[in-house]
Amino acid sequence: MLAIAPVVGLVGAPGQGKSTLLRAQVVKRGGTLIELGALADATARVDPHAFADAFDELVRGALNAHDFVAVDDLDYLLEIGSSLNAERGGYTRMIIKRLCEAVDNMPAKRLLLAGDARGGWNRGFLDLMETRAATVRCDPFTPADYAEVLANVMGRPHAERIDVGILFGHASRLQGHQLRLAGELSMAQGLATTEEFLRLLDQHILVSNVQASEVEQISFQGLPGAEHIAEELERAIILPLENRELARELGLKPKRGVLLYGPPGTGKTVIGRALAHRMRGKFFLLDGSFISEPPGTFFEKLKAIVADAKANAPSVLFIDDADVLFKIEHIQGVVRFLLSLLDGVESENANEVCVVMTAMNVKLIPEAVLRSGRVEIWLETKAPDVMTRGRILKLYLRSDRALPASDRIDYEALAEATAGFTQADLRRVVGDATSLFAADRVHGRQPKSAGEYVREAVDQIVEVRARMADSLGDEALRLPARGKYFNRAAAGSCGEQCGY
């Protein structure tokens, strides 16, 4: 292309090798490479308005000294110009136009401009390049590209052990440097199979905004009463991701939209934590920590999270407390943004992002979001019944090694006494019982049995909720459980035979 066109624009997604191509052309043709990222760091922070002028002067000087000039990171110029105001954004484009015209009048001079196809400036950039220059688009990597990159990094015999079809289905938007790093790590660790390579990707390459190590270790097997939800999530999301050969054969993809709805404390967020551990680098969280941000910062962070989810697609975008998010006035545009994501109109890989939302009140979620074709699966979380309460308490108490193990807790009595308790309340029972035991130890008091600490914790929660109901005039806060309920001995009446 450079043989016939004095100016060429190279456009593509981040990580597709544009910088590598530019450096190779500089080596081949001589000349110089200008990296605008460094110029932006040095100039734009001091005076953004001076950045475009500095760019113009720098490129003109390089063209006077060299026959070939390559400019990397052109998106910095257009992004900074557009962020100032419409007039300044037009000014940055005018500078590029003038440079193109100048090169037209310089025989034997060649200018290669490269930029990432991202941001609101993208359409204008492409229009400009097609008007003033020949445009070369870097297409997304194909499985054949994956194979070639890995062959260059690992050597063809090692690379051929990796099924690039399965790899591409698992992560179809890997960048060149990610593939290179994965190949180098695989060779260093002596990994030989596709499954080993994919595990390495999930653990070290694919980047979530949630560190699984910082999230409570919960599995779907540790969610008594939510087995139906775990089963649906396994089928609708996990199965297409973990059974890669079957998914490729049958054309399976994760569902586009999933809604988890139910009263507070019924396990919606806990299910999200379990999903985060299953998905690792393919799980992206949007929660209440973003709500307090001003609109500009909120949408900047939201777009960054969604961009990462797309880059790691197929992936999950988990929106916790979506009903609360959608009713906040200063970020109303989030509904329109989410609709475009669910409809897959933002980019061709947007339809590989599964949106999982939680809500306490479905009525607060806009009808447009919930209509058929967008949210495909509705899963209700409920307060546990007596049998489920027994199972949950048995799970939590058996996993809590802090309490004395001197007695056998009557789970049947405990389950009956916690009527109306949610999953969150039951977790609090165990936590409060442990705190009571710790307080006795600190003050040198004679420890009680585990059952006594649990009964005391239940009574305290019932009494606190009763005072809240009285103070706020809201009977929904009052628990139907009866304080001071336990009259049976702590040991023996149920034990292992109770069936919980």
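## Asp56 and helix H3

Asp56 is a residue of helix H3, which spans residues 48–65. The model described here is predicted. Asp56 counts as buried because its relative accessibility is 11%, and the cut-off for burial is under 20%. Apart from neighbours within four places in sequence, the contacts of Asp56 are with Ile95, Arg98 and Leu99.

## Overall composition

The chain contains 22 helices and 10 strands. Of its 500 residues, 49% are buried. Among contacts in the chain with a separation of 6 or more, 78% are between residues 24 or more positions apart.

## The buried strand S3

Strand S3 covers residues 68–72, and 5 of its 5 residues are buried, so the strand is largely enclosed by the rest of the structure. In a regular strand, side chains alternate between the two faces of the sheet. In S3 both faces are covered: Phe68, Ala70 and Asp72 are buried on one side, and Val69 and Val71 are buried on the other.

S3 has pairing partners in strands S2 and S4. Strand S2 (residues 32–35) pairs with S3 in the parallel sense over 4 bridges, and Glu35 has Asp72 of S3 as its bridge partner. The pairing of S3 with S4 is also parallel and comprises 4 bridges; here Ala70 stands opposite Leu112 in S4. Asp72 and Ala70 thus appear twice in this description, as bridge partners and as buried residues on one side of S3.

## The five-stranded sheet

An open sheet is formed by 5 strands in the order S7-S8-S9-S6-S10, with parallel pairing. Its edge strands are S7 (283–286) and S10 (377–380), each of which pairs on one side only. From one strand to the next, the twist averages 20°.

Within this sheet, strand S8 (residues 315–319) runs parallel to strand S9 (residues 353–359), and 5 bridges join the two. At one position of this pairing, Val316 stands opposite Cys354 in S9.

## Helices packed on the sheet

Helix H12 (residues 227–242) lies across S6 (257–261), S8, S9 and S10. The direction of H12 is at about 160° to that of S10. Helix H14 (residues 268–279) also packs on the sheet, where it touches S6, S7, S8 and S9. The angle between the directions of H14 and S8 is about 160°.

## Gly262 in the S6–H14 loop

Gly262 is located in the loop between S6 and H14. With a relative accessible area of 5%, Gly262 is buried, since burial is assigned under 20%. Not counting residues up to four places away in sequence, Gly262 touches Lys268, Ala359, Met360 and Thr381. Gly262 and Leu379 are separated by 117 residues in sequence, while their C-alpha atoms are 8.6 Å apart in space.

## Internal cavities

The structure holds 6 cavities of 30 Å³ or more. The largest cavity contains about 100 Å³ of space. Its lining consists of Gly222, Leu223, Pro224, Ala226, Thr266, Gly267, Val270, Ile271, Ile392, Tyr396, Gln423 and Arg427. H14, helix H19 (386–399) and helix H21 (423–442) are the elements that give two or more residues to this lining. By class, the lining has 7 nonpolar, 4 polar and 1 charged residues.

## The second largest pocket

The second largest pocket holds about 420 Å³ of space. It is lined by 20 residues, and those closest to its centre are Gly15, Gln16, Gly17, Lys18 and Thr20. Two or more lining residues come from each of helix H1 (18–29), strand S4 (110–116), helix H7 (143–154) and helix H10 (176–189). The class composition of the pocket lining is 5 nonpolar, 8 polar and 7 charged residues.

Terms used: Residues numbered from 1 in each chain as written. Predicted model: local features only at pLDDT ≥ 70, side-chain atom pairs only at ≥ 80, totals over all residues. Heavy atoms only, no water. Buried < 20%, exposed > 50% of the residue type's maximum accessible area, 1.4 Å probe, protein only. Contact = heavy atoms within 4.5 Å. Pairing = 2+ DSSP bridges. Axes fitted to C-alpha atoms, helices over the stretch in contact; angles between N-to-C directions. 1 Å grid on protein atoms, 1.4 Å probe; cavity = no way out; pocket = protein on both sides within 12 Å on 5 of 7 lines; lining within 4 Å. Points joined across faces, edges and corners; volume = space filled by probe spheres on them. Nonpolar A, V, L, I, M, F, W, Y, C, P; charged D, E, K, R; others polar.
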